[in-house]
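Hi,

Here is the model I said I would pass on. Have a look at it first, and then read my notes below.

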Amino acid sequence: GDRNMKFVKSSAQKDSKGYYFYRYGNLIGRYSGGSSTEEISNFAMSKTGIAFTTFDDYTIAQDFIESNDGCVVLYLEKTGGRLFEKYGEWAELLRDNTTFGLCPDPDIADELEVETFPTLILYRQMDHLKAVYPDDLNQATMQDITEWINYNKKPKFEKFQVDKQSEYFGKKPILLFF
């Protein structure tokens, strides 16, 4: 009782019923949405990039891609099978740094301009680039995928900011595109 009371006070909990999200022992945030499993899962995914989410329509897919700095999407014809399980393992191991999604619908993939199945694509928001995994996914190892994500995750350039010009003088080359 005393331990719980101290915990409640230390984390500034005021409601009789509240949801608090902890990761590695640190308070990530207070959840104040609905109490359904889906709503809580969606909140958790927004904070951690839970293994993956499945796209049911184009809008969900587009929102997912645009709301993350970097995300990896597997376009697959079904939500099962060996490659699906393998992708789930990759996503689980890499989820702290990258958000993962899954699209088993050829029509949605077509709207997102994906040409072949299965395809693994990394979307990058800074420059709106998408990198397609070039090799056979069935033969890919965890190390292959990790190296591919890390290489393609960061843009090879940064946007020039007028208010921070001094950072570039004598330090970074500048290329202007028109």
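Going along the sequence, the order of elements is α-β-β-α-β-α-β-α-β-α-β-β-α. That makes six helices and seven strands. Keep in mind that this is a predicted model.

On the overall packing: the protein has 178 residues, and 35% of them count as buried. If you take the contacts with a separation of 6 or more, 60% are between residues 24 or more positions apart. The exposed surface comes to about 12,100 Å², with 50% of that supplied by carbon and sulfur atoms.

The bit I'd like you to look at is on the surface. There is a negative patch there, made up of Glu38, Glu39, Asp56, Asp57, Asp63, Glu66, Asp107, Asp110, Glu111, Glu113 and Glu115.

Which helices supply at least two residues each to the negative patch? They are α2 (37–48), α3 (58–66) and α5 (106–111). Of the contributors, α5 gives the most, namely three residues.

Glu115 also belongs to the patch, but you'll find this residue in the loop between α5 and β6 (119–124). Is Glu115 buried or exposed? Its relative accessible area is 77%, so Glu115 counts as exposed, the cut-off for that being over 50%.

If you open the model, I'd start from α5, given its three residues in the patch, and then follow the chain into the loop that holds Glu115.

Cheers

Conventions. Residues are numbered from 1 along each chain as its sequence is written. This is a predicted model: local features need pLDDT of at least 70, side-chain atom pairs count only at pLDDT 80 or more; totals for chains, interfaces and linings use all residues. Side-chain values use heavy atoms; hydrogens and water are left out. Patches are made of residues with over 30% relative accessible area and no salt bridge: like charges are joined within 9 Å, nonpolar side chains (Val, Leu, Ile, Met, Phe, Trp, Tyr) within 5 Å. Accessible areas come from the Shrake-Rupley method with a 1.4 Å probe; for residues, only the protein chains shown count as cover. A salt bridge is a side-chain nitrogen of Lys or Arg within 4 Å of a carboxyl oxygen of Asp or Glu. Lys and Arg count as positive and Asp and Glu as negative; His and the chain ends are not counted. The place of a charge is taken as NZ of Lys, CZ of Arg, CG of Asp or CD of Glu. Helices (H or I, at least four residues) and strands (E, at least two) are DSSP runs, numbered from the N terminus. Buried means under 20% relative accessible area, exposed over 50%, partly exposed in between (1.4 Å probe, protein chains only). Contact means heavy atoms within 4.5 Å.
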